[in-house]
Amino acid sequence: MSSNTTDENSSASMLHGHAAYVAGAAKETIGNISGSTPWQTAGQDDKAAAVDEMRAAKQASGSQTQNPTVGKVEEMVGKGVGCEGMVEEGGAAKAEAMGP
């Protein structure tokens, strides 16, 4: 069984990517507060990997019908945790669902 959720399904990998980004941001913050360069670097690396995973999940999902409420929630959570990818994805999903 693979521990890489990117290949399993796009919803799981998108969710995992968001969680990994938040964990990486926390790790980086701990490094910033403590002055620990290894923690800072590990956090930055985790965030970069999470962004890659979210991009892969987005490409794998194609053009699924979006729910504007889900997009709005994703955008708000992204703003709250400082995840630019969530803000962009949520805004795009909301706009796509609402149409022209």
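The score called pLDDT is the predictor's confidence in each residue, on a scale from 0 to 100. It is a helpful place to start, since the structure shown here is a predicted model. Within the protein chain, helix H2 has the highest confidence, with a mean of 89, while H4 has the lowest, at 77. Taken over the protein chain, the average pLDDT is 78, and 80% of the residues reach a score of at least 70. The beginning of the chain calls for more care: residues 1-10 stay under 50 in pLDDT, and the model gives this stretch 12 contacts beyond four places in sequence. Where pLDDT is low, the predicted coordinates should not be read in detail.

Helix H2 spans residues 37-61, and Lys47 is found in this helix. Apart from neighbours within four places in sequence, Lys47 is in contact with Tyr21, Gly24, Ala25 and Glu28. With Glu28 there is a polar contact from side chain to side chain, at 2.7 Å.

Further along the chain, helix H3 (residues 68-81) meets helix H4 (residues 84-98): their axes come within 7 Å and cross at roughly 160 degrees. Angles over 145 degrees count as roughly antiparallel, and H3 and H4 are therefore roughly antiparallel to each other. The crossing of H3 past H4 is left-handed. On the H3 side, the residues making the contact include Pro68, Gly71, Val77 and Val81, and on the H4 side they include Met86, Val87, Ala93 and Met98. Sorted by class, this contact between H3 and H4 has eight nonpolar, six charged and four polar residues.

Terms used:
Residues are numbered from 1 along each chain as its sequence is written. Side-chain values use heavy atoms; hydrogens and water are left out. Axes are lines fitted to C-alpha atoms, for helices over the stretch in contact, and angles run from 0 to 180 degrees between N-to-C directions. Helices (H or I, at least four residues) and strands (E, at least two) are DSSP runs, numbered from the N terminus. Angles under 35 degrees count as roughly parallel, over 145 as roughly antiparallel, 65 to 115 as roughly perpendicular and the rest as oblique. A crossing is left-handed if the near helix is turned anticlockwise from the far one by less than a right angle, and right-handed if clockwise. Contact means heavy atoms within 4.5 Å. Ala, Val, Leu, Ile, Met, Phe, Trp, Tyr, Cys and Pro count as nonpolar, Asp, Glu, Lys and Arg as charged, and the others, Gly among them, as polar. A polar contact is a pair of N or O atoms within 3.5 Å; within protein, one must be able to donate a hydrogen and the other to accept it, and residues adjacent in sequence count only if both atoms are side-chain atoms.
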